[in-house]
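Biologist: I have the model open and would like to go through the reasoning behind its labels. Could you take me through it?

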Amino acid sequence: MALLRTTPPRPVDVTAVFPELAPLARPAMRLHPRPGSPSVRDSSIGGPLLWPAQEPWPHCEDAHLHVDTGFRQSPTEVRLRRRLQSRWRPEGRPPVFTSEEEVLQERNAAWLAERFDAGPPGPAECPVPMLPVAQLFLRDIPLLQPPGQADLLQILWCPYEHEPDCKPATALFWRSAAEVGDILASPPEPYEADHPGYVPEPCVLAPETITDYPNSLDLSPELQLILDDWNRWQAAEVDSSYAEYPREFYSTHLGNAPGWKVGGWPPWGRTDPNRRYCAVCEAQMVPLLTIASREWDGDQSPGWAPQEDQAAAAAPHYAGQDPAQPTGVEVGSTDNMQIYVCPTSSEHPHTDLIQ
């Protein structure tokens, strides 16, 4: 893949300061999504899927309340509004649609008018078409562990919030790309989305292999106490502003890389570590994919911004133009969604968690 993104070296070699953490290192791949025009043959976030024409498109069968959410925008309208926002400058004229975007807007308006005239669909009669979230080819993401001859992972979700956790329902598919013949040209799209953050922006990827260390909440009480030993940090010449809470330096700069990633350690914060167990065999499930609202935190952890994005991360930005939110995805309150799978069988159902 041509796009390149590189995580800056960590300010401290964590295993040199704390060799006790070395056994906890895990491989991970930061995906580094960036807005683009991926094809069905590309790994992507929010891009088109290599979906067989003869295979039914996934629909969410839950009963959805098709009422006015106060948002009520189609995925097409969400993406059009984002295009305008990306061109907005406070000192210039308000941006206007291009001729191509005008056509999309007219088509979207006609589609919505037809749907509104028919009235909102009832929950029993209208399964909701799911939206593509991620398409990952094994050739680009060798950390994937697909079953059998599969070399392609596809993840979709329903853009409605589902009880009890108020998050999109997810669907996961493994397949062999070589076995896909005719491709579905025009997948169905949902009537609306509960929130614009549930409509991923098409992004190309710049996968990068890293070594990931656990969130401090994932550590044993003994290791947490070791991280609180300021003498070790001081010997590593860490800024004295962390002297009162030295574990914060680890949490901000060293443990648990942020952003979209495959494998590695899960992020925590909204909840304490919440182990996931397979509903079939009760094995402890493992992290597959982190779906992130932000690639890095501009206030707390700008050092996680790739070297190639450091200038953009430091520059002023306006609404809809934050380089740390390239996918437009927002789950929870700028949280993360973790997709977990069973390590014993790919046929066992996956699970997900907002954290």
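Biologist: What makes β7 and strand β8 (residues 170-175) a pair?

Modeller: Two strands pair if there are at least two bridges between them. Six bridges join β7 to β8, and the two strands run antiparallel. One of the contacts to look for is I155, whose bridge partner in β8 is L172. Keep in mind that this is a predicted model.

Biologist: How many bridges join β7 to strand β6 (residues 131-137)?

Modeller: Six bridges join β6 to β7, and these strands run antiparallel. Here you can find L136 opposite L153 of β7.

Biologist: Why is β7 called largely enclosed?

Modeller: Buried means under 20% relative accessible area. Six of the six residues of β7 (residues 152-157) are buried, so the strand is largely enclosed by the rest of the structure. In a regular strand the side chains alternate between the two faces of the sheet. In β7, one side carries L152, Q154 and L156, the other L153, I155 and W157, and all of them are buried, so both faces are covered.

Biologist: Which sheet do these strands belong to, and what makes β8 an edge strand?

Modeller: The open sheet has six strands in the order β2-β9-β3-β6-β7-β8, with antiparallel pairing. β2 (34-35) and β8 each have a single partner strand, so they stand at the edges and one side of each is left without a neighbour in the sheet.

Biologist: What makes strand β3 (residues 44-45) a partner of β6?

Modeller: The cut-off is at least two bridges, and β3 and β6 have two, in the antiparallel sense. S44 of β3 stands opposite Q135 in β6.

Biologist: Back to W157: why is its contact with Y198 called edge-to-face?

Modeller: Rings pair if their centres lie within 6.5 Å, and planes over 60 degrees apart count as edge-to-face. For W157 and Y198 the centres are 6.0 Å apart and the planes make 75°, so the pair earns the label. W157 lies in strand β7 and Y198 in the loop between β8 and β9 (203-204), so the pair ties together parts that are 41 residues apart in sequence.

Biologist: Are those two residues buried or exposed?

Modeller: Both are under the 20% cut-off: W157 is buried at 0% relative accessible area, and Y198 is buried at 2%. The structure holds six aromatic pairs. There is also an aromatic cluster, formed by F18, W233, Y242 and F249.

Biologist: What makes R26 a charge over a ring?

Modeller: For arginine, CZ has to be within 6 Å of the ring centre and within 35 degrees of the ring normal. The charged end of R26 sits over the ring of W265, 3.6 Å from its centre. R175 has its charged end over the ring of W51, 4.5 Å from the centre.

Biologist: How do you know that C342 and C281 are not bonded?

Modeller: A disulfide needs sulfur atoms within 2.5 Å. The sulfur of C342 is 3.6 Å from that of C281, its closest cysteine sulfur, which is too far for a bond. C342 is buried, at 6% relative accessibility. The structure holds zero disulfides. C158 is in none either, as the nearest cysteine sulfur, that of C60, is 3.9 Å away. C158 counts as buried, at 0% relative accessibility.

Biologist: What makes the phi of H32 worth a look, and where is H32 found?

Modeller: Its phi is near 50°, a positive value in a residue other than glycine. H32 is found in the loop between β1 (26-30) and β2, and counts as buried at 0% relative accessibility. E237 also has a positive phi, near 60°. E237 lies in the loop between α5 (230-235) and α6 (246-253). Exposed means over 50%, so E237 counts as exposed at 72% relative accessibility.

Biologist: Which strands are at the edges of the sheet that contains β1?

Modeller: That open sheet has six strands in the order β10-β1-β11-β12-β13-β14, with antiparallel pairing. β10 (208-212) and β14 (351-354) are the edge strands, as each pairs on one side only. Four bridges join β13 (residues 336-341) to β14, and Q338 stands opposite L353 in β14.

Note on methods. Residues numbered from 1 in each chain as written. Predicted model: local features only at pLDDT ≥ 70, side-chain atom pairs only at ≥ 80, totals over all residues. Heavy atoms only, no water. Buried < 20%, exposed > 50% of the residue type's maximum accessible area, 1.4 Å probe, protein only. Phe/Tyr/Trp six-rings, centres within 6.5 Å; stacked < 30°, edge-to-face > 60°.
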